[in-house]
Amino acid sequence: MSLPPRTKYGGASRKLLLAFDIGTTFSGISYSILDPGKVPEIRPVTRYPSQDHVGGDSKIPTVIYYDEDGKPCAIGAETLKEGIEADAEENNWSRAYWFKLHLRPKSKAAMADRDEIPPLPPNKTVVQVLTDYMKYLRQCAKIYISETHGTPFWKSLEDEVLYVLTHPNGWEGPQQATMRQAAILADFIPDTAEGRSRISFVTEGEASLHFCLSNGLSINSDGNDDSGVVIVDAGGGTIDVTAYRKLSDHSFEEIAIPKCMPQLDSG
């Protein structure tokens, strides 16, 4: 039995939900318009600034070029422009990439791989780089949604947007706190209890499970059945492995400790 139909949104007023999947090498945005009494539809952002020449895509590089003053001069899809590498070399720009991995838990295993993670640009912290990238993603979402649904639609909802941020398995309170801090600095939310409540986190393993279920994966729901599923999310910087089984009430539970392993040699 696959994932049951989505339930109708039970809120009292219309909301906009933005989901940001900031990957090690590529990132993407999805959104959903939550209308009371209606079943939400998940939609991808498929067009980004500077990407028109390649016809658009739902994923963009998780890359930022900084100039010598530390200001972003090319982010995401902008880093794919023809001649950008020559511009970077000529103007002595610094390239921030794989920066998400600087958030990894400081376990012994992670520390052993830390020397393989590219350094951040001069005088930049991971929070500053993440903030710059999140500002860019939100601006991309604003442009796309305004062009698709109209500027009045965006303006009517932008002050109360709900956000979902993904992160690898095994990232917990400290990593979520850092991502939330970057979201505040990127003007996603105000630094208040109400503002912080508008950000939710989901592991990449759980997000992958729901994607698979939404696209036809079936798991038996007999409570006496030992069948389950192993989800392997082979990303650019990490490989997340999670095992689930389906319960009789259609919910899911993990049946093994989720794993997050480095994949630093993928480029």
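1. In this predicted model, F20, Y163 and F188 come together as one aromatic cluster. By the ring-pairing criterion the count comes to eight aromatic pairs. Within the cluster, the ring centres of F20 and Y163 are 6.1 Å apart and the ring planes meet at 20°, so this pair is classed as stacked, the limit for that class being planes under 30 degrees apart. Because F20 belongs to strand β1 (residues 15-22) and Y163 to strand β8 (residues 162-167), the pair ties together parts of the chain that are 143 residues apart in sequence. F20 and Y163 are both buried.

2. Two contacts between a charge and a ring deserve a separate entry. The charged end of R95 sits over the ring of Y97, at 4.3 Å from its centre. K100, in turn, lies over the face of W171, where the distance to the ring centre is 5.9 Å; a reader who wishes to re-examine this assignment should bear in mind that the criterion asks for NZ of Lys within 6 Å of the ring centre.

3. Helix α5 (residues 173-185) passes a simple check of geometry: at 1.5 Å a residue, its 13 residues should span 18 Å, and since the C-alpha atoms at its ends are 18 Å apart, the model agrees with the expectation. The buried residues of α5 are Q175, T178, M179, A182, A183 and I184. The elements that cover these buried residues include helix α3 (126-149), strand β8, helix α6 (193-196) and strand β9 (199-203), and β8 is also the strand in which Y163 of the stacked pair lies.

4. Which residue with a positive phi follows α5? That residue is D187, whose phi is near 65°, and it is found in the loop between α5 and α6. With a relative accessible area of 56%, D187 is exposed. A second case is N123, a residue other than glycine whose phi is positive and near 60°; N123 is found in the loop between α2 (108-113) and α3, and because its relative accessibility is 78% it counts as exposed. As background to both entries, most residues other than glycine have a negative phi.

5. S146 lies in helix α3, and with a relative accessibility of 15% it counts as buried. A polar atom of the S146 side chain lies 2.7 Å from the backbone oxygen of K142. When neighbours within four places in sequence are left aside, S146 is in contact with T151 and W154.

6. T79 offers a comparable description from a loop, namely the one between β6 (72-75) and α1 (84-91). At 10% relative accessibility T79 counts as buried, and the side chain of T79 has a polar atom 2.6 Å from the backbone oxygen of G76. Not counting residues up to four places away in sequence, T79 touches P61, V63, Y65, A74 and I84.

7. On cysteines, how many disulfides does the structure hold? The structure holds zero disulfides. Two cysteines can be described by their surroundings: C73 counts as partly exposed, its relative accessibility being 31%, whereas C140 is buried, with a relative accessible area of 1%.

8. R43 is found in strand β3 (residues 42-44) and is partly exposed, with a relative accessible area of 28%. Although R43 and I33 stand 10 residues apart along the chain, their C-alpha atoms are separated by 8.9 Å. Apart from neighbours within four places in sequence, the residues in contact with R43 are I29, S30, Y31, I33 and H149.

9. For the chain as a whole, the model has seven helices and 13 strands. Of the 267 residues in the chain, 41% are buried. Among the contacts between residues at least 6 apart in sequence, 60% join residues at least 24 apart, and the pairing of F20 with Y163 links parts that are 143 residues apart.

Conventions: Residues are numbered from 1 along each chain as its sequence is written. This is a predicted model: local features need pLDDT of at least 70, side-chain atom pairs count only at pLDDT 80 or more; totals for chains, interfaces and linings use all residues. Side-chain values use heavy atoms; hydrogens and water are left out. Rings of Phe, Tyr and Trp (its six-membered ring) pair if their centres lie within 6.5 Å; planes under 30 degrees apart count as stacked, over 60 as edge-to-face and the rest as tilted. Helices (H or I, at least four residues) and strands (E, at least two) are DSSP runs, numbered from the N terminus. Buried means under 20% relative accessible area, exposed over 50%, partly exposed in between (1.4 Å probe, protein chains only). A charge sits over a ring if NZ of Lys or CZ of Arg is within 6 Å of the ring centre and within 35 degrees of the ring normal. The expected span of a helix is 1.5 Å times one less than its number of residues. Contact means heavy atoms within 4.5 Å. A disulfide is a pair of cysteine sulfur atoms within 2.5 Å. A polar contact is a pair of N or O atoms within 3.5 Å; within protein, one must be able to donate a hydrogen and the other to accept it, and residues adjacent in sequence count only if both atoms are side-chain atoms.
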